[in-house]
Amino acid sequence: MDIITQSHFNDFRELYGYSEDKESDAFELFIIFCVLSKYIKSETITKEFLENIKIGAGGDWGIDGIIVIANGKVISTKEEVDDLYRANSYLSISIILVQAKTSDNFKVAELGQTLDGAENIIRDVKGESVLPASNDFLNEYREIVKHIYSYSAHFKDGKNPTLSVYYATCGDYNNQDDFIAKIDKSSKFINSSDLTSKFDCIMLGKKEIVQIYKETKTSIEASINVEQKITMPTVEQIDESYLCLLPFCELKKLIIDDEGRLIDSVFHDNVRAFQGDNIVNRDIAKSIREGNIALFSAMNNGLTIIAKTLRTTGNTIHLTDYQIVNGCQTCNVLQQNMNDYDIDKLILSVKLIGSSNKEIKDKIIVANNSQTEVKREQLVSLLEVQDRIEDYYNAQNKFDKLYYERRAKQYRFGEIRVPQDKIITIPIQITSFIAMILGKPEKLRGYYGRIVEQFKENGVDVFLPNTNPAFYFTSALAYYKLTEMFSKGVIHHKYKKIKYHVLLSLRLFCEQDPIPPLSSNKSQNYCDSICSLLSNASKCEIAFKGAIKLIETTLKREPVDRDRSDGNFTRKLMETTAILKNYKKN
C-alpha cells in the first residue's frame, strides 16, 4: 500500500476505532465506507452500518460487503423494506456488491469471483436451486433481495433495481482486455435476466480510493445567479436572507447532479420525503407537461433553503452546507420533467436564509412544515427533549465520552475531531432505549420512524420530557460497548441477530434492584451504577458474558432469526433472570 493511501486508511481506522483490527478486515470496512459514501450523503455512516454490510467470512461468493439501498435508506432487514414501501407506496432499489484487497494489483480471478457472486444473486432471485454454499450473513441478504423482488409491481417508475459491483485494490487499473471480457460476459448474463434496470462494474484503484475518501470530508457547496431578489428584514441569528425569483435553470444547480439525478442529501431536513405519484404531484407534473409554466409559478408555494453561509458577489450567491427544508415534492417532480420544453424558464419563489444557529434552523423547519400533515416522529429531532438529551451527553464527564447526533452529520465538519464510532445517532438512540430501558427488543424489526409511530399508537412515547436523560445515555453506552464486544470477538457474531435482546439481558444481569420509574429520583443512581460497570474494561466484559449466559440459559439452543421478534423469548428472558436472582438470595 502506497504512503498516501495508507495515510487516508489510517485516518479512517482511527476515526472508526479499527486501529487494532487486522489490516485486511479494516481495509474491507474502509472500502465499504468509501463506496457507501457515494450513495449516502445525508446521514452519518455509523459503525453499525459498516458492520451490517460486511459479510466476508468464507462462503461469501467473493463478496466482502453488500449494500442494499431502498428509497435512499440503507436497509438490513425485510421489515425495513416493508415499512419504506408503506411510507412511500413505491420502492426504488440499488444493490451494491463490494470486494476489497490490499494488494497492489488487480487480479482477474478475484474480480471473477465477485462477478460470479453477482450472477448468483440473480440466479437466486430467479429461483435456481443449485448454488454455492453461503454463510449466514450472505443468506440474510439473499432473503432480503428476494423479498424486495416480491414488490416488483411497485418499483418506482416501473424500474427494476440497479446492480453494481465495486472491486478495489491499492494498484492502478488500466482497462486490460481480460478484465473487460470478464465484465462483458457477466453483463450479458445479468442484463438478459430482465431483473435489473442497470448493471455496472466499477474498478477502484489507489487514486480513486483517495479521491472518494477526500470527498467525504467536503461540505455541500453551490453558486447560483440571482437577478431578482429582495433583502428580507434583519433578524437576530440570521446573517443574510433574501426572497428571490429563481428560474429553474439556476435552481437545478442546487438540486440536480451532473448525471441528472436528484441530490438527495440536500433534502435531509425536509421532513416530508417524496410522496410519489399522489394527486398533488400528478397535478404539478401535468401543469409542466401542458406548458402552463406561468400558471405553475403562480400556484406553487415556493421553496425555503437554509445555508450555513451565504456569500453574495453582485448577482451571484454562493451557498455552503445548504438544505432545502420545504419543497421536496416540487423538486422531485421538476427533476422528473427536467427535459420538458421551456422548463428552464419556469420561475419559482425561493427564500434563501443564511444561519449557522441550530435553534433558528429548527424553528424555520417546523414553521415550513406546519401547513402539511407531518407525523410526529418525522420531527423527532426538533423536540425540546432532544436538546436535553444532547446537553446531558455534553455535560457527562464521569464515563466514556459519547456524542449525541441530534442533527445529521453535525460532527462531520466541526472544528473538533470526533471519533465516528462514538457518535450516537437518533436511530441508535431510539433502538437502544427501546430494547434496554423499555424492555421491548422484539419490537425492533423495521424502519426506526415506523417503530416510533407504532409505540405512539400504543400509548408509549419514546421521548418524554420528564424522562431522566441518563436513561438515554446509559442505553447508548451499552450499545457502544456491545459493538466493541462484537468487534473484539468477546461475543460471538451469531448473537448479532439478537443484539437488542443482549442489551436487555445486560440490564437484567447488571441491575441490583428493578428499574425505577423513568422520572424517579432514583433513576440517576440506577443509571450511574450500570455506566460505572460498563466503563470498567474487565467488569464490562464480565457483564456481557453474563448477559450471554442468561440468553443461553433461556434459549437452551443457538439463536435463530425468528428470536428477534419473539415476545415470548423476551418474557422468558425476564423470568429466567428473576428465578436466578431469587435462587441467589435464598
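This dialogue reads the internal cavities of a predicted model, together with one of its sheets.

Student: What should I keep in mind about the numbering and the predicted model?

Tutor: Residues are numbered from 1 along each chain as its sequence is written, and side-chain values use heavy atoms, with hydrogens and water left out. Because the model is predicted, local features need pLDDT of at least 70 and side-chain atom pairs count only at pLDDT 80 or more, while totals for chains, interfaces and linings use all residues.

Student: How many cavities of 30 Å³ or more does a search of the whole structure find?

Tutor: Rolling a probe the size of a water molecule over the atoms shows where empty space is left. A cavity is a set of points, on a 1 Å grid over the protein atoms alone, where a 1.4 Å probe fits but cannot get out, and its lining residues have an atom within 4 Å of a point. Grid points are joined across faces, edges and corners, and a volume is the space filled by probe spheres set on the points. Here the search of the whole structure finds 2 cavities of 30 Å³ or more; the largest holds about 110 Å³ of space, and the second largest has a volume of about 40 Å³.

Student: Which elements give two or more residues to the lining of the largest cavity?

Tutor: Helices (H or I, at least four residues) and strands (E, at least two) are DSSP runs, numbered from the N terminus. For the largest cavity, the elements giving two or more residues are α3 (47-53), β13 (423-425) and α17 (469-488), with α17 supplying the largest share, 4 residues. Among the lining residues are Lys-47, Glu-48, Ile-423, Ile-424, Tyr-479 and Tyr-480.

Student: How do the residues of that lining divide by class?

Tutor: Ala, Val, Leu, Ile, Met, Phe, Trp, Tyr, Cys and Pro count as nonpolar, Asp, Glu, Lys and Arg as charged, and the others, Gly among them, as polar. The lining of the largest cavity divides into 5 nonpolar, 3 polar and 4 charged residues, whereas that of the second largest has 7 nonpolar, 2 polar and no charged residues. The second largest cavity is lined by residues including Ile-95, Ile-121, Val-145 and Leu-163, and α5 gives the largest share, 3 residues.

Student: What is the strand order of the open sheet?

Tutor: Two strands pair if DSSP finds at least two bridges between them. The open sheet of 5 strands has the order β2-β1-β3-β4-β5, with mixed pairing, and its edge strands, each pairing on one side only, are β2 (73-74) and β5 (198-204). Within this sheet, β1 (residues 65-70) and β3 (residues 93-100) pair in the antiparallel sense over 6 bridges.

How values were computed
On a 1 Å grid over the protein atoms alone, a cavity is a set of points where a 1.4 Å probe fits but cannot get out, and a pocket is an open set with protein on both sides within 12 Å along at least five of seven lines; lining residues have an atom within 4 Å of a point.
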